[in-house]
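Me: I'd like a close look at one part of this complex: the place where the nonpolar residues gather, and what packs around it. Could you walk me through it in one go?

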Amino acid sequence: MKLNHYIGCVLGIAGLLTAQGCTVKAVGDPNRPITINAHITIDVKGLQKTANSIEDYVSGDTSAPQANPQGGK
Amino acid sequence: MKSRTIMTMVFLAALCMVTNAWAASYDIKEMTPEVKSALDGRRSRFEELKSLKAQGAVGENNKGYVEALSGNAQSVVDAENRDRRFIYTTIVSQNGLPADALGTVEDVFAKVQRDKASSGDKIQDASGSWTTK
């Protein structure tokens, strides 16, 4: 029973990581390239936060926005 | 035991959503001299633009840029829009967004600029009509 629990967890984590990472590996004939149309959805809320931070700096309300190499998608 | 597995799965799904929400921020990842110059340029002309806006000579359009509506404000408007465009394109490029995301970035900045506009400023709403805030 305990083993089932761990197997469930491992499969769950693997599933979630796959869903998040979305790595696509295409293997096939190099003369017939595969076209993958990816659709990227922009998170407007995240963008609004950035816009607010920049506009606050421009108006003198806050100090300079810091570069954030870790953040973002 | 089965319910424990389900609870773990629910927790992992929630954790996944939180990390996704956290990751969805678009920052200036590298403060290059050009980005700093654009930000400081905008900051340095803020008071001048504020005064021109109060006179009704400049307004905030619905594309994230300022527009000369009357008088002799074209040069400051051009300089401001050059810096704004550089900042918008930097956000797109440094966050790995597709080139057509520039329109979304401009729309979001336009909304924030409308929200932050002072009372009496000319603003262009999403439909294209100019109003006084």
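Reply: Before we zoom in, one side point at the edge of the picture: A:Ser63 sits in the segment after helix 2 (44-58) of chain A. It has 8 C-beta neighbours inside 10 Å, so A:Ser63 counts as exposed. From A:Ser63 to A:Thr50 is 13 residues in sequence and 14 Å in space, C-alpha to C-alpha. Keep A:Thr50 in mind, as B:Ile91 touches it.

Bear in mind that this is a predicted model. Chain A has two helices and zero strands, and 10% of its 73 residues are buried. Chain B has five helices and four strands, running α-α-α-β-β-α-α-β-β along the sequence. Of its 133 residues, 27% count as buried. If you take the chain B contacts between residues at least 6 apart in sequence, 50% of them link residues at least 24 apart.

Now the part you asked about. The largest nonpolar core holds 18 residues, and the ones with the most contacts inside it are A:Ala51, B:Ile87, B:Tyr88, B:Ile91, B:Val105, B:Val108 and B:Phe109. The elements giving two or more residues to this core are helix 2 of chain A plus helix 2 (33-44), helix 4 (74-94) and helix 5 (102-116) of chain B. Helix 5 of chain B gives the most, with five residues. As background, nonpolar side chains tend to be buried together in soluble globular proteins.

Two residues show how the chains meet here. Leaving out residues up to four places away in sequence, B:Ile91 touches A:Thr50, B:Tyr26, B:Ile28 and B:Val105. B:Val112, in helix 5 of chain B, is buried because 22 other C-beta atoms lie within 10 Å. With the same sequence neighbours left out, B:Val112 touches A:Gln48, A:Ala51, A:Asn52 and A:Glu55. B:Val112 and B:Arg42 are 70 residues apart in sequence and 16 Å apart in space, C-alpha to C-alpha.

B:Arg42 brings us to the packing of helix 2 of chain B on helix 4 of chain B. The two pack at an angle of about 140°, with their axes 9 Å apart. Since only angles over 145 would count as roughly antiparallel, helix 2 of chain B is oblique to helix 4 of chain B. Their crossing is left-handed. On the helix 2 side of chain B, the contact uses B:Glu34, B:Val35, B:Ala38, B:Leu39, B:Gly41 and B:Arg42. Helix 4 of chain B answers with residues including B:Ala79, B:Asp83, B:Phe86, B:Ile87 and B:Thr90.

There's also a second, separate core of six residues, among them B:Leu52, B:Val58, B:Ala73 and B:Val77. B:Leu52 leads us to helix 3 (residues 46-54) of chain B, whose buried residues are B:Leu49, B:Leu52 and B:Lys53. These cover an arc of only 100° around the axis, so they lie on the same side of helix 3 of chain B. On the other side, B:Glu47 and B:Ser51 are exposed. The cover over the buried residues of helix 3 of chain B includes strand 1 (58-60), strand 2 (66-68) and helix 4 of chain B. Just after helix 3 of chain B, B:Gly56 takes a positive phi of about 85°.

Terms used: Residues numbered from 1 in each chain as written. Chains lettered and ligands numbered in written order. Predicted model: local features only at pLDDT ≥ 70, side-chain atom pairs only at ≥ 80, totals over all residues. Buried ≥ 20, exposed ≤ 12 C-beta atoms within 10 Å, placed from the backbone. Contact = placed C-beta atoms within 7 Å. Core = buried A, V, L, I, M, F, W, Y, C linked by C-beta atoms within 7 Å. Arc of directions from axis to C-beta. Axes fitted to C-alpha atoms, helices over the stretch in contact; angles between N-to-C directions. Parallel < 35°, antiparallel > 145°, perpendicular 65-115°, else oblique. Left-handed = near helix turned anticlockwise from the far one by under 90°.
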